[in-house]
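Reader: I have a protein model in front of me and would like to learn how to read it. Could you take me through its features one at a time?

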Amino acid sequence: MSEADLDGRVRTKVFQFLTEQTRLHGEVLPRALLERGTDFEGKRVPLLGPPGIFKPAILSDMPLSITTVPVVEGEPRPYDDGVGADGFLRYRYRGTDPTHRDNQGLRLAMARGVPLVYLFGVTPGRYMPVWPVYIVRDHPAELSFSVAVDAPYMPVMSNLEQNPTSLEARRAYVTVITQRRLHQQGFRERVLRAYQEQCAICRLRHDELLEAAHILPDGHPKGAPIVPNGLALCALHHAAFDGNILGIRPDFVVEVRLDILREKDGPMLQHGLQGFQGLSILKPRSRELWPRADFLAERYEEFRQAS
């Protein structure tokens, strides 16, 4: 088997492994599972290791994955990965030497059009894998690469091969959508972690029924995706909060809209909404992560006007 054939088969096996694991466990996977990885013809293929640009021993010259470290609330990421002017993700070089073997490996992957896995750290020990991604540009002066996300299931125009800009346009679109999804998932993970994976109102602990609600919405000047602007809520209470059926005062007390309190519609309404009138919400253990009183005050005023 040639090195090129081996490389392609290993990557295909890894992509199949990720498809199966995300189907079983959801979009975010634990580091231990990624470190263990999968097996290929009796050899272990881990997906990540200590370096951010990672090549397992089974591959000869090109990395398998690139990793962005998890964010710690209130602290910047150690590496300034983000989105470049071209609309693609920017990924920092390993160190400051453009000729470092890891950087050379990514350069080779770019030249050969080889797909990689991007592992986005959402919280310590948990990563969201994205694949396939491609190194599409090298920026030596900025010590970074441009990374495009692609998706085989996206509609492909019939003249794609004859029109390279169609491929770039598709990848730019998928990259933007993926970047948004990464940050939404990161916000959800950080908020749920802060609230010990339970609804701040009813204490429901089923992860699949929990969501991260913004106090001040996306697009608001202060609506940043940070834990003090978030609440872990079950699907019912998230919808009720967004719909101004219930509000949360700056002193963390729940108020239910007056017409809902007066309504008589069976036990679900009584125990799901009316019963929380006047109760205090659950707050994160760290005071620094508590909902900001000024955010709650602004959002509560909207609730009062809707009432």
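Reader: What percentage of the residues in the protein chain is buried?

Author: In this predicted model, the protein chain has 307 residues, and buried residues make up 48% of them. The accessible surface of the chain comes to about 15,700 Å², with 54% of that area belonging to carbon and sulfur atoms.

Reader: Which residues touch the most other members in the largest nonpolar core?

Author: The general idea is that, in soluble globular proteins, nonpolar side chains tend to be buried together. Here the largest nonpolar core has 34 residues, and those that touch the most other members are V191, Y195, I201, L231, L233 and I281. Several elements give two or more residues to this core, among them the helices α4 (164-194), α5 (235-242) and α8 (293-306), as well as the strands β11 (210-214) and β12 (230-234).

Reader: Which residues does L231 touch, not counting those up to four places away in sequence?

Author: Leaving out residues up to four places away, L231 touches V191, Y195, E211, A212, A213, I215, F241, I248, I281 and P291. There is also a second, separate core, which has 25 residues, including Y91, A109, V114 and M128.

Reader: How many disulfides are there by the distance rule?

Author: A disulfide is a covalent bond between the sulfur atoms of two cysteines. By the distance rule, the count for this model is zero. C199 is in no disulfide, and the nearest cysteine sulfur to that of C199 belongs to C202, 3.6 Å away; because a disulfide needs the two sulfur atoms within 2.5 Å, C202 is likewise in no disulfide, its nearest cysteine sulfur being that of C199.

Reader: Are C199 and C202 buried or partly exposed?

Author: C199 is buried, with a relative accessible area of 0%, whereas C202 counts as partly exposed, at 27% relative accessibility.

Reader: Where does the pLDDT stay under 50?

Author: It helps to begin with the whole protein chain, for which the mean pLDDT is 88, with 90% of the residues reaching 70 or more. The pLDDT stays under 50 over residues 76-80, for which the model has nine contacts beyond four places in sequence. Over residues 153-162 the pLDDT is also below 50, and that stretch has 10 contacts in the model beyond near neighbours in sequence.

Reader: How many helices and strands are there in the protein chain?

Author: The protein chain has eight helices and 14 strands, and its C-alpha trace spans about 75 × 45 × 40 Å along the principal axes. Among contacts between residues at least 6 apart in sequence, 59% join residues at least 24 apart.

Technical notes. Residues numbered from 1 in each chain as written. Predicted model: local features only at pLDDT ≥ 70, side-chain atom pairs only at ≥ 80, totals over all residues. Heavy atoms only, no water. Buried < 20%, exposed > 50% of the residue type's maximum accessible area, 1.4 Å probe, protein only. Core = buried A, V, L, I, M, F, W, Y, C linked by side-chain atoms within 4.5 Å. Helix = DSSP H or I, 4+ residues; strand = E, 2+ residues; numbered from the N terminus. Contact = heavy atoms within 4.5 Å. pLDDT = per-residue confidence, 0-100. Areas by Shrake-Rupley, 256 points an atom, 1.4 Å probe, with all protein chains shown as cover.
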